[in-house]
2 protein chains.
Amino acid sequence: MTERADAARNRVAVLAAAEALFQREDLDHVSLARIAEAAGVGKATVMRRFGDLLGLVDALIAPRVAALQNRVRSGEPPLGPGGDAGARLHAYLDALFDFVVENRTLIRALEHYGPYAYYANPASQFWIDELTHRIHAARPAVDAPYLAYVVFTALRADVMDYLRVHQHMDTERLRAGVHALAAPPGPQPDLHR
Amino acid sequence: MTERADAARNRVAVLAAAEALFQREDLDHVSLARIAEAAGVGKATVMRRFGDLLGLVDALIAPRVAALQNRVRSGEPPLGPGGDAGARLHAYLDALFDFVVENRTLIRALEHYGPYAYYANPASQFWIDELTHRIHAARPAVDAPYLAYVVFTALRADVMDYLRVHQHMDTERLRAGVHALAAPPGPQPDLHR
DNA sequence: TAAAATACGGTCCACTGGTCCACTTATGTA
DNA sequence: TACATAAGTGGACCAGTGGACCGTATTTTA
């Protein structure tokens, strides 16, 4: 069964309105009702199609997630498969970092939704799993799953926004901090011989 | 002007009721109205005295914060003043870790309140400043302010709860992870000679 | 063109944090 | 002991939220 024409029209209108509102308005002034109003549809229409605000944000961010996942799964090394473990880790951190910076308003909406909404999101689980693998490959001596969660938490959009806006740390300082966190410079303890 | 007897009675009742509710109920089922009802007072009574929910949580946690701050400022080394920089850092991490574990329901309420409520809290600022100093003393080569924020973020009660409950990491594993984060084992890069 | 399937959205609900203000109560003074 | 007054109280109310319902309108299919 194909999607009805009016449904498709409304879907596009709602997504566009939501995107615009999230960019323009302060996060907690964005509500179902405002999005519906901006899109020129009823609240129930938004709800039925996307379930809730979380689903709407998911739908907005999904294509960008997919694009990055493609680059990670089958792009050029070192972000794609192949290459030195250390380089693969750093390339991945850069890609994640840029992704968060570029999509920070949507990611903050995600984080805002519930206490675990950010981590439980399927995309986040992918990022974290991949991060775990790459940390483990580059630094076999550390507790990679835990460190992956910590690094991912340091990449939260709300955390980064706070550090940038209220602690006046510039973006590149944060980026350097994330890299240092995941793979400190200097000699690694060589526990394997 | 001294506090009126009924006001004092209500203050105690509200604090006790709030404490009990936060322990017993799921966080987002705790509301002003429920607290007021449980304390047997009106909502406005709660609001006037504590300003808002944040103020109430602050009042609950303040004495415990003060107790730990005393130990940090004037207790026995290495948590108190004096001792080896590395030992001071690790003692402080342990104390903070235990503090979060013991008060996790209240801390989660704090974090829940607003995006920056956790970090903006005066107590948090103290913890972070102290953490910054101790990291800097133990590891002069790293970006101590940034690392302090990251470590403090890793100590968020919601993050730790998520890792414990949904990722099945036990408490001691988290503790070890935090220590490794702030001061990785093995040779430190010696950039100072 | 008619029937059936699908989508729509106005309206209602329970609930939130927060404010208002007429009323009660404790307190210090005379 | 009487009483004026400052302080404290709490039920009613506000605008806002996410969500559910269901009669109506529109599109698709036969």
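Here are four short exercises, with worked solutions, on a predicted model of two protein chains and DNA.

**Exercise 1.** Find out which residues come nearest to DNA strand D, and which kinds of residue make up the surface there.

*Solution.* Start with the neighbours: 23 residues lie around DNA strand D, and Ser31(A), Lys43(A), Arg4(B), Asn10(B) and Arg48(B) come nearest. On the DNA side, sugar and phosphate make up 62% of the strand D atoms that come within 4 Å of the protein. Next, sort the residues of this surface by kind: 9 are nonpolar, 4 polar and 10 charged. Finally, look at the helices. H1 (5–24) and H3 (43–50) of chain A, and likewise H1 (5–24) and H3 (43–50) of chain B, each supply at least two residues. The most comes from H3(B), with 5 residues.

**Exercise 2.** Locate polar atoms of the protein that lie close to phosphate oxygens of DNA strand D, within a cut-off of 3.5 Å.

*Solution.* Take chain A to begin with: a polar backbone atom of Ala5(A) is 3.1 Å from a phosphate oxygen of the strand. Now turn to chain B. An N or O atom in the side chain of Asn10(B) is 2.3 Å from a phosphate oxygen. For Thr45(B), a polar side-chain atom lies 3.2 Å from a phosphate oxygen.

**Exercise 3.** Work out how chain A is related to chain B.

*Solution.* Lay chain A on chain B: a turn of 180 degrees with a shift of 0.0 Å along the axis does this with an RMSD of 0.1 Å. The two copies are therefore related as by a two-fold rotation axis. Then compare the contact residues: 100% of those of chain A recur in chain B, so the same surface serves both copies.

**Exercise 4.** Examine some of the 22 salt bridges found over all chains, and decide whether their residues are buried or exposed.

*Solution.* Begin with Asp94(A) and Arg175(A), whose closest N and O atoms are 2.8 Å apart. This pair joins helix H5 (residues 85–102) to helix H11 (residues 171–182) of chain A, across 81 residues. Arg175(A) is buried because its relative accessible area, 16%, is under 20%. Asp94(A), at 26%, is partly exposed. Both residues also belong to a salt-bridge network with Asp98(A) and Glu172(A).

Continue with Arg24(A) and Glu25(A), which meet at 3.8 Å, N to O. Here Arg24(A) is exposed at 57%, while Glu25(A) is partly exposed at 24%.

End in chain B, where Arg64(B) and Glu19(B) meet at 2.5 Å, N to O. Arg64(B) sits in helix H4 (residues 53–74) and Glu19(B) in helix H1, 45 residues apart. Arg64(B) is partly exposed, with a relative accessible area of 29%.

Note on methods:
Residues numbered from 1 in each chain as written. Chains lettered and ligands numbered in written order. Predicted model: local features only at pLDDT ≥ 70, side-chain atom pairs only at ≥ 80, totals over all residues. Heavy atoms only, no water. Near = heavy atom within 4 Å. Polar contact = N/O pair within 3.5 Å; in protein donor to acceptor, adjacent residues only side chain to side chain. Nonpolar A, V, L, I, M, F, W, Y, C, P; charged D, E, K, R; others polar. Least-squares fit on C-alpha atoms with pLDDT ≥ 70 in both. Contact = heavy atoms within 4.5 Å. Salt bridge = Lys/Arg side-chain N within 4 Å of Asp/Glu carboxyl O. Buried < 20%, exposed > 50% of the residue type's maximum accessible area, 1.4 Å probe, protein only.
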